[in-house]
Amino acid sequence: MKKYELVAPCHFGLEAVLKREIIDLGYDVSQVEDGRVTFLGDEEAVCRANVFLRTAERILIKIGSFHAETFEELFQGTKSLPWEEYIPKDGKFWVAKAGSVKSKLFSPSDIQSVMKKAMVERLKDAYGIHWFEEDGEEFPIRVFLMKDEVTVGLDTTGDSLHKRGYRKLAAKAPIAENLAAALIMLTPWRGDRILVDPFCGSGTFPIEAALMAANIAPGMNRFFTAKNWPHIVEGNIWQDTVDEAKEMVDLDVETDIQGFDIDGDIVAAARENARLAGVEKLIHFQKRGVEELSHAKKYGFIITNPPYGERMEGKEQLPALYRTIGERYRQLDAWSLYVITAYENAERDIGRKADKNRKVYNGMIKTYFYQFMGPKPPARKKNG
């Protein structure tokens, strides 16, 4: 099998989580940069990364990289890449997205236009034709410019990996599925521990936790662009990967995962999303306000994305809301609290300084993931 350099973009601030996921999947990481992780793998890795990775946004096959400070250098560098190895004569190809940081070339539309022209010129020479119908399969390209270094990737994924396919009904400000998964992975929570989200919205935190607990691969039931590229990834490899994922599923696992929201319609939507994800039996959803948060058992986890002004009429309710979060948390015996929020007075109003906090970008919003650690539960005695 041919070896590729594969690039996996992710949320800024969560590169270490994705790196660990890739290593756990069995692949060698070659580079970690802001917002993306590069690793080595064959065509099977393309399939397995798309199907199994929970925290990546997409999987790109790296076509090449070069230095460019002018549009002429961008044109020539793009033209020098072996496009004919990837794009067939009838392929539909375009630069779907261009990003630029600290580079002399910064206009996305101009970068996209120049690169498209260069790709056409290269493929004209390769195929001996002057017009491309582009009526075949799609080959979207993504490019990053960082300090004038251009990295070009072929997008094997299509719709972002955060689109698992289960969230048909969304709350006003839903957290992305891959971001929710990454934040859960930053905690010590495991499938046999208690997890409660008192602001569950469309149910993303509880559903992602249940998928982990039942070992359900997030991309098991969705389509990927590269499924239509048999010259790059043989079709049977996709099926083998899905079969591998199906064999790992364990829906008999015992869980205590709960999602609450004050809006009954939102709770109904979350319940439907869980059903579509195949984990409705593993989660208890209930209409309940945060002021009613309680649990009889010890050593549980609250992992939540409470309102922080972007989805409320005004910010005047926030101090009281966060004080309530703190009050209910203090009533729980030996629990841990994990909160992602952009509300700047979260620690003050919760009433405790976080043991850790981590800057994370939720879309374009700079947020912090506050981590209030509870004590570790005692080690369980081994049978026999």
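Helices, here runs of at least four residues, and strands, runs of at least two, are taken from DSSP and numbered from the N terminus. By that count the chain holds ten helices and 14 strands. The model is predicted. One open sheet has seven strands, and helix H5 packs on that sheet. Of the 384 residues, 52% count as buried.

**Overall form**
- The radius of gyration of the chain is 23 Å. A compact globule with 384 residues would have a value near 21 Å, so the two agree.
- The C-alpha trace spans about 75 × 50 × 40 Å along its principal axes.
- Among contacts with a separation of 6 or more, 77% come from residues 24 or more positions apart.

**The seven-stranded sheet**
- The strand order is S10-S9-S8-S11-S12-S14-S13, and the pairing is mixed.
- Strand S10 (283–287) and strand S13 (356–362) form the edges, each pairing on one side only.
- From one strand to the next, the twist averages 20°.
- Strand S8 (residues 194–197) and strand S11 (residues 301–304) run parallel and are joined by two bridges. Within this pair, Leu195 stands opposite Phe301 of S11.
- Helix H5 (residues 177–185) touches S11, strand S12 (336–341), S13 and strand S14 (365–372). The direction of H5 makes about 170° with that of S13.

**Arg358 on the edge strand**
- Arg358 is placed in strand S13, which is an edge strand.
- A relative accessible area of 26% makes Arg358 partly exposed, because that value lies between the 20% limit for buried and the 50% limit for exposed.
- Leaving out residues up to four places away in sequence, Arg358 touches Gly13, Leu14, Ala16, Leu186, Thr367, Tyr368, Phe369 and Gln371.
- Ile59 is 299 residues from Arg358 along the chain, and their C-alpha atoms are separated by 25 Å.

**Strand S4 and its partners**
- Six of the eight residues of strand S4 (residues 60–67) are buried, so the strand is mostly covered.
- Strand S1 (residues 4–9) runs antiparallel to S4, with two bridges between them. Leu6 stands opposite Ile61 in S4.
- S4 also runs antiparallel to strand S7 (residues 149–155), through seven bridges. Phe66 has Val150 in S7 as its bridge partner.
- Strands of a sheet pair through backbone hydrogen bonds, either parallel or antiparallel.

**Ser103 in its loop**
- Ser103 lies in the loop between strand S5 (92–101) and helix H4 (108–127).
- Ser103 counts as buried because its relative accessibility is 13%, and buried means under 20%.
- The Ser103 side chain reaches two backbone atoms: the oxygen of Val101 at 3.1 Å and the nitrogen of Asp148 at 2.9 Å.
- Beyond its neighbours within four places in sequence, Ser103 is in contact with Leu145, Met146, Lys147 and Asp148.

**Cysteines**
- Zero disulfides are found in a search of the whole structure.
- Cys10 has 5% relative accessibility and therefore counts as buried.
- Cys200 is also buried, because its relative accessibility is 5%.

Key:
Residues numbered from 1 in each chain as written. Predicted model: local features only at pLDDT ≥ 70, side-chain atom pairs only at ≥ 80, totals over all residues. Heavy atoms only, no water. Pairing = 2+ DSSP bridges. Axes fitted to C-alpha atoms, helices over the stretch in contact; angles between N-to-C directions. Contact = heavy atoms within 4.5 Å. Disulfide = S-S within 2.5 Å. Buried < 20%, exposed > 50% of the residue type's maximum accessible area, 1.4 Å probe, protein only. Polar contact = N/O pair within 3.5 Å; in protein donor to acceptor, adjacent residues only side chain to side chain. Rg over C-alpha atoms; globule rule 2.2 N^0.38 Å.
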